[in-house]
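Reader: Got the model open. Can you walk me through how the pieces pack?

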Amino acid sequence: MNKIKKGDIVTRKSYGKDIIFIVKNIINTKKEKIVILKGMIDRIEADSNIEDLERIDKKIANEKMEALHHKINNKIIQNEETRGSVGYQIGIVTPSNRNKEKIITGKILHLDGDKKYSQKSYYYYKKLGLNAIVRNIPEYRQPRVVYQLLKMYNPDILVITGHDGMIKRGTDYHNLYNYRNSKYFIQTVKEARRFDKEKNNQLVIFAGACQSYFEAIISAGANFASSPARILIDFLDPLVIAEKIAFTEKYKYITIDDIAKELRDGKKGVSGIGANGKMILES
């Protein structure tokens, strides 16, 4: 096991090899080597004794990533088909007004602590024709830069995510220090609301990752957050929330009940207070 190094792809034997991780860092202590892990498919961060880790074949990891890419493409196709059907029914786009009515979707700013997720998120937004800026910013730096980025881009929707996780699973749910990155998400939301109060933009915010401190993130000012049941959330969940707000007209209020069926674990993974849409139709 001493051959495991930063960047390796591993699983934890004691957890039944349920999650695939990338080795983020290795910390040498007097007693043992502690490995900091980040999920390859799931938005979770964890630590492990190096002896509990097992390296997996890169072929398996590549297959998992290919499956995720396939899942993203299927979701894009599904959403395009659904939107086309719904749009036709409610008159957003019809043969008679197709060239007369301009659709302006809500502008998205997405801060993601994971570089690969940032790239995949950008791919998702652009395939759907959304106006989105995606910046790869480590969780701990997000509170420091969000104000200036909001000032620079002036978005309608802010997504704040990356990796998170409980240090002691199944206990201390209301202890902020039992969460790896929730404090940064909370601070970032508060900074975003400070900006929003000055500009009165009614910014819609999603924040959180796997097992995040849901109640504290909502209390800080987020409209939607993860994770009420302290479970792993799907990579697509934050993107689906942002997409739905961006494609909903401003006069309509969208609740988690309107979105839950499109999230992998429904309201167990993501919930919130809702928000008005950000789409504008211009003749």
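Author: Sure. This is a predicted model. Start with helix α3 (residues 142-153) and α4: their axes are 8 Å apart, and the two pack at an angle of about 25°.

Reader: How does the direction of α3 relate to α4, roughly parallel or roughly antiparallel?

Author: Roughly parallel, because angles under 35 degrees count as that. The pair packs at about 25°.

Reader: And which hand is the crossing of α3 and α4?

Author: Right-handed.

Reader: Which residues of α3 and α4 make the contact?

Author: From α3, Gln142, Pro143, Val146, Tyr147, Leu150 and Lys151. On the α4 side, the residues include Tyr184, Phe185, Thr188, Ala192 and Phe195.

Reader: What's the mix by class in the contact of α3 with α4?

Author: Eight nonpolar residues, three polar and four charged.

Reader: Switching to the sheet. What's the strand order?

Author: β8-β7-β9-β10-β11-β13. The sheet is open, has six strands and shows mixed pairing.

Reader: Which strands stand at the edges?

Author: β8 (132-136) and β13 (271-272). Each has a single partner strand, so one side of each lacks a neighbour in the sheet.

Reader: How do β10 and β11 run, parallel or antiparallel?

Author: Parallel. Two bridges join β10 (residues 204-207) to β11 (residues 224-225). In one of them, Phe206 has Phe224 of β11 as its bridge partner.

Reader: Which strands does helix α6 touch?

Author: Helix α6 (residues 237-246) touches β7 (108-112), β9, β10 and β11. Its direction makes about 175° with that of β9.

Reader: Back to α4. Where does that helix lie?

Author: Across β9 (157-161) and β10. Helix α4 (residues 182-199) runs at about 160° to β9.

Terms used:
Residues are numbered from 1 along each chain as its sequence is written. This is a predicted model: local features need pLDDT of at least 70, side-chain atom pairs count only at pLDDT 80 or more; totals for chains, interfaces and linings use all residues. Side-chain values use heavy atoms; hydrogens and water are left out. Two strands pair if DSSP finds at least two bridges between them. Helices (H or I, at least four residues) and strands (E, at least two) are DSSP runs, numbered from the N terminus. Contact means heavy atoms within 4.5 Å. Axes are lines fitted to C-alpha atoms, for helices over the stretch in contact, and angles run from 0 to 180 degrees between N-to-C directions. A crossing is left-handed if the near helix is turned anticlockwise from the far one by less than a right angle, and right-handed if clockwise. Ala, Val, Leu, Ile, Met, Phe, Trp, Tyr, Cys and Pro count as nonpolar, Asp, Glu, Lys and Arg as charged, and the others, Gly among them, as polar.
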